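Work through the exercises below with the model open. Try each task before you read its solution.

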Amino acid sequence: MNSIFKYAVIFKDERIEIAGFGNYSIETLVSVILEGNAGTSYPYLTDCLREKLEELRVK
């Protein structure tokens, strides 16, 4: 998981659309996950974050 957050710093201002949750900056999404506020959505949100960061990293 730590490798995800390494890229989150680089792409913190990018936005991500998450079905059922809305549109967030990467920075906001990481904050929600790290502060433990994701609750039962933690796996889904981390998967969405991982996919978006991988997409951005490859560009």
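**Exercise 1. The hairpin**

Start from one pair: Ile16 stands opposite Tyr24 in E2. The model is a predicted one. Task: find which strands pair here, in which sense, and over how many bridges.

Solution.
- Step 1. Locate the strands. E1 covers residues 15–18, and E2 covers residues 22–25.
- Step 2. Assign the sense. The two strands pair in the antiparallel sense, over four bridges.
- Step 3. Add another bridge. Glu17 has Asn23 in E2 as its partner.
- Step 4. Look at the turn. Three residues lie between the strands of this hairpin. Gly20 has a positive phi there, near 85 degrees.

**Exercise 2. The faces of E1**

Task: sort the side chains of E1 by the face they point to, and say which are buried.

Solution.
- Step 1. Follow the strand. Its side chains alternate between two faces.
- Step 2. Take one face. Ile16 and Ile18 point there, and both are buried.
- Step 3. Take the other face. Arg15 and Glu17 point that way and are not buried.

**Exercise 3. A glycine in E2**

Task: decide whether Gly22 is buried or partly exposed.

Solution.
- Step 1. Place the residue. Gly22 belongs to strand E2.
- Step 2. Apply the cut-off. Buried means under 20% relative accessible area. Gly22 has 21%, so Gly22 counts as partly exposed.
- Step 3. List its contacts. Leaving out residues up to four places away in sequence, Gly22 touches Ile16 and Glu17.
- Step 4. Check a distance. Gly22 and Ala8 are 14 residues apart along the chain, and their C-alpha atoms are separated by 18 Å.

**Exercise 4. The buried side of H2**

Task: name the buried residues of H2, then work out how they are arranged around the helix axis.

Solution.
- Step 1. Pick out the buried residues. In H2 these are Ile26, Leu29, Val30 and Ile33.
- Step 2. Look down the axis. The buried residues of H2 fall within an arc of 100 degrees, so they line one face of the helix.
- Step 3. Move past the helix. Gly36 follows H2 and has a positive phi, near 80 degrees.

**Exercise 5. Phe5 and its neighbours**

Task: find which residues Phe5 touches, not counting those up to four places away in sequence.

Solution.
- Step 1. Place the residue. Phe5 is in helix H1.
- Step 2. Judge its exposure. Its relative accessibility is 14%, so Phe5 counts as buried.
- Step 3. Read off the contacts. Phe5 touches Val30, Ile33, Leu34 and Leu49.
- Step 4. Compare sequence with space. Phe5 and Ser31 lie 26 residues apart along the chain, with 10 Å between their C-alpha atoms.

**Exercise 6. The largest nonpolar core**

Task: state which members of the largest nonpolar core touch the most other members.

Solution.
- Step 1. Name them. The core has 15 residues, and Ile26, Leu29, Leu49 and Leu53 touch the most other members.
- Step 2. Trace the sources. Helix H1 (2–10), E1, helix H2 (26–34) and helix H3 (42–58) each supply at least two residues of this core.
- Step 3. Find the main contributor. H3 gives the most, with five residues.
- Step 4. Zoom in on one member. Leu53 is found in H3. Its relative accessible area is 3%, so Leu53 is buried.
- Step 5. Reach across the chain. Leu53 and Ile16 are 37 residues apart in sequence, yet their C-alpha atoms are separated by 9.5 Å.

**Exercise 7. The whole chain**

Task: give the order of the elements from the N terminus on, and test the chain against the compact-globule rule.

Solution.
- Step 1. Count the elements. There are three helices and two strands.
- Step 2. Put them in order. They run α-β-β-α-α.
- Step 3. Test the size. A compact globule of 59 residues would have a radius of gyration near 10 Å; the protein has 10 Å, so the two agree.
- Step 4. Box the C-alpha atoms. They fill roughly 30 × 20 × 15 Å along the principal axes.
- Step 5. Tally burial. Buried residues make up 34% of the 59.
- Step 6. Turn to the surface. The protein exposes about 3,900 Å², and carbon and sulfur atoms supply 51% of that area.

Methods. Residues are numbered from 1 along each chain as its sequence is written. This is a predicted model: local features need pLDDT of at least 70, side-chain atom pairs count only at pLDDT 80 or more; totals for chains, interfaces and linings use all residues. Side-chain values use heavy atoms; hydrogens and water are left out. Two strands pair if DSSP finds at least two bridges between them. A nonpolar core is a set of buried Ala, Val, Leu, Ile, Met, Phe, Trp, Tyr and Cys residues joined through side-chain atoms within 4.5 Å. Buried means under 20% relative accessible area, exposed over 50%, partly exposed in between (1.4 Å probe, protein chains only). Contact means heavy atoms within 4.5 Å. The radius of gyration is taken over C-alpha atoms; the globule rule is 2.2 Å times the number of residues to the power 0.38. Accessible areas come from the Shrake-Rupley method with a 1.4 Å probe; for residues, only the protein chains shown count as cover. The arc is that of the directions from the helix axis to the C-beta atoms.
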